[in-house]
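Please open your viewer and get ready to pick residues one stop at a time. Here is a short guided tour.

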Amino acid sequence: MEDQVKNFILRLIGYAVQRDIPAEKLLRVSNITLDELTVSKNPLTAKQIDDVWFNAVAISRDNLFGLHLGESLQIQALGIVGEIIKTSRTVGEAVTNAAPLAHIISASIALRIFRDDHHFSVTFVPASRDWAQHTAEIQAVDLLMVLVIHELDGLLFKKLSPSSVSFARSLDKPEEYERVLRCRPEANAKTTQISFDIAYWDERIIRSKHEHQQVLLLEEGLWQNKHVSDRALKRRIYNYIRSNSYLKMVTLEDIAGNFNLSPRTLQRKLKNEAINFQQLADEARKNLALMYLKDDSLQIKEISTMLGYNEVSAFIRAFKRWTGTAPTDFQKKMHHL
């Protein structure tokens with residue numbers, strides 16, 4: 001289990017690198033060596049883990065670092081979905097089986113599952129009463145909240161929105177929580193909780209899609225890259241779009257929020273690198289489409305959905321614009337090579 005905790009910390013650091021935080025600096029100020037994460041069998045201390053969170057927030061100057069990490073981190077990267085799928089048939093079983101895995105993210109937060117005639121809810125229960133004063137626990141709660149949504153997206157192969165979201169604390173930038181969590185949050189509530197329509201509880205998991213979710217992670221290899229030589233903003237934005245284009249269209253507002261910039265500032269910075277957001281988005285989706293089309297087990301409609309298009313026709317038009325050919329023709333050509 002300690003390997004899973006270290007694996008998560010490596011991914012947190014990988015995301016920090018995407019945010020232009022040098023991995024060496026974050027490790028140094030958190031009193032962790034790379035060998036401790038990749039070679040040593042000794043567990044990280046609770047203080048080391050807390051320090052990583054604290055320093056990531058401080059260096060990035062992003063009080064919503066955990067929320068943004070959750071938005072960027074495909075839950076499949078933690079190996080959680082694979083384990084859930086092995087033991088679950090429905091969403092209800094999957095959510096119940098996933099709850100004990102929260103300790104991979106934080107040993108001080110437990111997940112409790114409740115349901116009634118109309119909703120099922122995941123409640124986040126921090127171990128300490130004054131958890132809202134601790135950076136690490138705040139960030140971990142935010143991250144777990146987002147990962148619950150990602151988990152359901154991945155299991156059902158569609159984008160879901162919660163019925164309600166509440167936090168037992170005040171919130172900085174509630175509009176950013178609303179953007180990421182797809183629901184207007186309630187602050188200073190009695191519980192920290194996320195709820196979904198009960199109709200999803202007995203819905204069967206689409207197991208066959210898990211392999212295709214992993215393809216993206218293995219192909220991109222973003223989180224395994226510990227030595228990022230190209231720190232240009234356009235490369236980091238491109239990588240973000242590639243790793244976050246599963247089941248959704250990444251917008252300029254998504255990118256700006258995740259990188260703690262205003263959309264206007266992001267556009268200006270990209271212009272200084274002689275490129276714009278739409279060019280990066282097109283390049284990322286084009287390369288993903290080409291990768292998916294090489295898999296003869298995927299239908300055009302499935303690929304369209306995986307890339308976040310609501311209509312197959314929109315994907316076909318985009319692909320023709322990128323390549324000059326229809327996706328069906330490209331797929332046939334690949335299969336005859």
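Start by selecting S30, which is buried in this predicted model. Its relative accessible area is 0%, so S30 falls under the 20% limit for a buried residue. To place S30 along the chain, look in the loop between α2 (23-29) and α3 (34-38).

Now show what surrounds this serine. Leaving aside residues up to four places away in sequence, S30 touches Q48, D51, V52 and N55. Which backbone oxygen does the side chain of S30 reach? Draw a distance to D51: the S30 side chain comes to its backbone oxygen at 3.5 Å.

Next, zoom out and colour the protein chain by secondary structure. You will find 17 helices and five strands. The chain has 337 residues, and buried ones make up 53% of them. Among contacts with a separation of 6 or more, 70% join residues 24 or more positions apart. If you switch on the surface, the chain exposes about 16,000 Å², and carbon and sulfur atoms supply 49% of that area.

Select residues 135-156 for the next stop, helix α8. The helix has 22 residues and reaches 32 Å from its first C-alpha to its last, close to the 32 Å expected at 1.5 Å a residue. Is α8 mostly enclosed or mostly open? It is largely enclosed by the rest of the structure, because 21 of its 22 residues are buried. Step just past the helix to F157, which follows α8 and has a positive phi, near 60 degrees.

That backbone angle makes a good theme for the next two picks. Most residues other than glycine have a negative phi. Go to D20, which is not a glycine, yet has a positive phi of about 70 degrees. You will find D20 in the loop between α1 (2-18) and α2. This aspartate is partly exposed, with a relative accessible area of 33%.

Then jump to R61, another residue other than glycine with a positive phi, here near 55 degrees. R61 is in the loop between α4 (46-60) and α5 (65-72). Is R61 buried or exposed? With a relative accessible area of 72%, R61 is exposed.

Move on to A232, in the loop between α10 (210-220) and α11 (233-244). At 22% relative accessibility, A232 counts as partly exposed, because buried means under 20%. Select E273 as well and draw a line between the two C-alpha atoms: they are separated by 8.1 Å, although A232 and E273 are 41 residues apart along the chain.

The last stop is the largest pocket. To find it, select A46, I49, D50, S106 and S108, the lining residues that lie nearest its centre. In total, 19 residues line this pocket, and about 340 Å³ of space lies in it. Which helices each supply at least two residues of the lining? They are α1, α4 and α8. Of these, colour α4 last, since you may want it to stand out: α4 gives the most to the lining, with five residues.

For a closing view, keep the pocket residues on display and bring back S30. One of the residues S30 touches is D51, and D50 is among the lining residues nearest the centre of the largest pocket.

Conventions:
Residues are numbered from 1 along each chain as its sequence is written. This is a predicted model: local features need pLDDT of at least 70, side-chain atom pairs count only at pLDDT 80 or more; totals for chains, interfaces and linings use all residues. Side-chain values use heavy atoms; hydrogens and water are left out. Helices (H or I, at least four residues) and strands (E, at least two) are DSSP runs, numbered from the N terminus. Buried means under 20% relative accessible area, exposed over 50%, partly exposed in between (1.4 Å probe, protein chains only). A polar contact is a pair of N or O atoms within 3.5 Å; within protein, one must be able to donate a hydrogen and the other to accept it, and residues adjacent in sequence count only if both atoms are side-chain atoms. Contact means heavy atoms within 4.5 Å. Accessible areas come from the Shrake-Rupley method with a 1.4 Å probe; for residues, only the protein chains shown count as cover. The expected span of a helix is 1.5 Å times one less than its number of residues. On a 1 Å grid over the protein atoms alone, a cavity is a set of points where a 1.4 Å probe fits but cannot get out, and a pocket is an open set with protein on both sides within 12 Å along at least five of seven lines; lining residues have an atom within 4 Å of a point. Grid points are joined across faces, edges and corners, and a volume is the space filled by probe spheres set on the points.
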